[in-house]
Amino acid sequence: LTLYGHDRDVRCVSINLELDIAVSGSLDGTCIIHTVRQGKYIQTLTPPASRASCRGGGGVDGGGGGGGGGRGGTQAIAGTSSALPLRRCVSVELVVVSPRNATIILHTVATHTAAGTEDLALHAYSLNGKLLRTAFVSDHLSDMLVSASGEYLVTVSREGNVAIRDTLQLAHVHTMSVHIPISSVALTLEEQHIMMSLRDGKLILLARPLPGASK
């Protein structure tokens, strides 16, 4: 089974058999959803390109916002009748699926070449493509995962920071820093520990990292 749809390199994939979806993110700035069993195309998500476009759609630290759509250099902002031209280079770097609350969470990097700036963000979408929440972050995330309960999103970054967020609001629950770039993250059995691999070759274990973790 071969899936198609992206115009540039695929950066990340998340598969959830319970929901029967495969979600892929690309350097073309889109996230495409297919079914796993039949490979049927479902829809394309196009994350906002900037803080301004998120505010226009009501998706920054609030509900609402635009969801899926096509590709290209324009994006229709929810609540308006016009398409606004966007000068952007957006990449979907990470994607995870939370089956418990039927949410897709993306990490995007939007480079604004004229200004020489970047917007780093997390976007939470419903399965039907509605943008539920956007949270801007200060780090380049290297990995992320959702807890088994679906309540928490764990992110790690190239800047050496660890963050635990609420998956619905994307609000911080706990943060810490190990001061060394982090490559990947995993949760151990019963989520009693977070395991992280560091760029210097070490592994770090954090004990009872999540609220309500089993003793």
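## A walk through a strand-rich predicted model

Thr-108 lies in strand E8, which covers residues 103-112, and this residue offers a convenient way into the structure, which is a predicted model. Thr-108 counts as buried because its relative accessible area is 2%, where under 20% is the limit for that term. Which residues surround Thr-108, once those up to four places away in sequence are set aside? Thr-108 touches Pro-47, Val-90, Ser-91, Val-92, Asp-119, Leu-120, Ala-121 and His-123. With one of these residues, His-123, there is also a polar contact, in which the side chains of Thr-108 and His-123 are joined at 2.9 Å.

From this one site the view can widen to the whole protein. The protein has 17 strands and one helix, and among its 215 residues 48% count as buried. About 10,500 Å² is exposed by the protein, and 51% of that area is supplied by carbon and sulfur atoms. If one takes the contacts between residues at least 6 apart in sequence, 39% of them join residues at least 24 apart.

The path along the chain can now begin with the strands of lowest number. Strands E1, E2, E3 and E4 form an open sheet in the order E1-E2-E3-E4, and their pairing is antiparallel. At the edges of this sheet stand strand E1 (10-16) and strand E4 (41-45), each of which pairs on one side only. From one strand to the next, the twist averages 15°. Strand E3, made of residues 31-35, pairs with E4 in the antiparallel sense over four bridges, and within this pairing Ile-33 has Gln-43 in E4 as its bridge partner. As background to such pairings, strands of a sheet pair through backbone hydrogen bonds, in either a parallel or an antiparallel way.

The cysteines deserve a separate look. How many disulfides does the structure hold? The structure holds zero disulfides, and Cys-12 illustrates the point. The closest cysteine sulfur to that of Cys-12 belongs to Cys-31 and is 6.9 Å away, which is too far for a bond, because a disulfide requires the two sulfur atoms to be within 2.5 Å. Is Cys-12 buried or exposed? With a relative accessibility of 9%, Cys-12 counts as buried, whereas Cys-89, with 38%, counts as partly exposed.

Further along the chain come strands E9 and E10, each with a buried residue that can be examined in turn. Ser-126 has its place in strand E9, residues 117-126, and counts as buried because its relative accessibility is 14%. The side chain of Ser-126 is joined to that of Asn-128 by a polar contact of 2.3 Å. If neighbours within four places in sequence are left aside, Ser-126 is in contact with Ala-102 and Leu-132. Leu-131, for its part, lies in strand E10, which runs over residues 131-137; at 2% relative accessibility, Leu-131 counts as buried. Although Leu-131 and Ile-104 are 27 residues apart along the chain, their C-alpha atoms are separated by 9.5 Å.

After E10 there is another open sheet to consider, in which four strands follow the order E11-E12-E13-E14 with antiparallel pairing. Its edge strands are strand E11 (141-146) and strand E14 (172-177), and each of them pairs on one side only. Neighbouring strands of this sheet are turned against each other by 15° on average, with direction ignored. E11 pairs with strand E12, residues 152-157, in the antiparallel sense over five bridges, and one detail of this pairing is that Leu-141 has Ser-157 in E12 as its bridge partner. For a reader following side chains along such elements, it is useful to recall that in a regular strand the side chains alternate between the two faces of the sheet.

The last stop is a pair of strands further along the chain. Strand E15 (residues 182-187) and strand E16 (residues 193-198) pair in the antiparallel sense over five bridges, and Ala-186 stands opposite Met-195 in E16. How many residues lie between E15 and E16 in the hairpin that they form? There are five residues between these two strands, and in the turn Glu-190 has a positive phi of about 60°.

Conventions. Residues are numbered from 1 along each chain as its sequence is written. This is a predicted model: local features need pLDDT of at least 70, side-chain atom pairs count only at pLDDT 80 or more; totals for chains, interfaces and linings use all residues. Side-chain values use heavy atoms; hydrogens and water are left out. Two strands pair if DSSP finds at least two bridges between them. Axes are lines fitted to C-alpha atoms, for helices over the stretch in contact, and angles run from 0 to 180 degrees between N-to-C directions. Buried means under 20% relative accessible area, exposed over 50%, partly exposed in between (1.4 Å probe, protein chains only). A polar contact is a pair of N or O atoms within 3.5 Å; within protein, one must be able to donate a hydrogen and the other to accept it, and residues adjacent in sequence count only if both atoms are side-chain atoms. Contact means heavy atoms within 4.5 Å. Accessible areas come from the Shrake-Rupley method with a 1.4 Å probe; for residues, only the protein chains shown count as cover.
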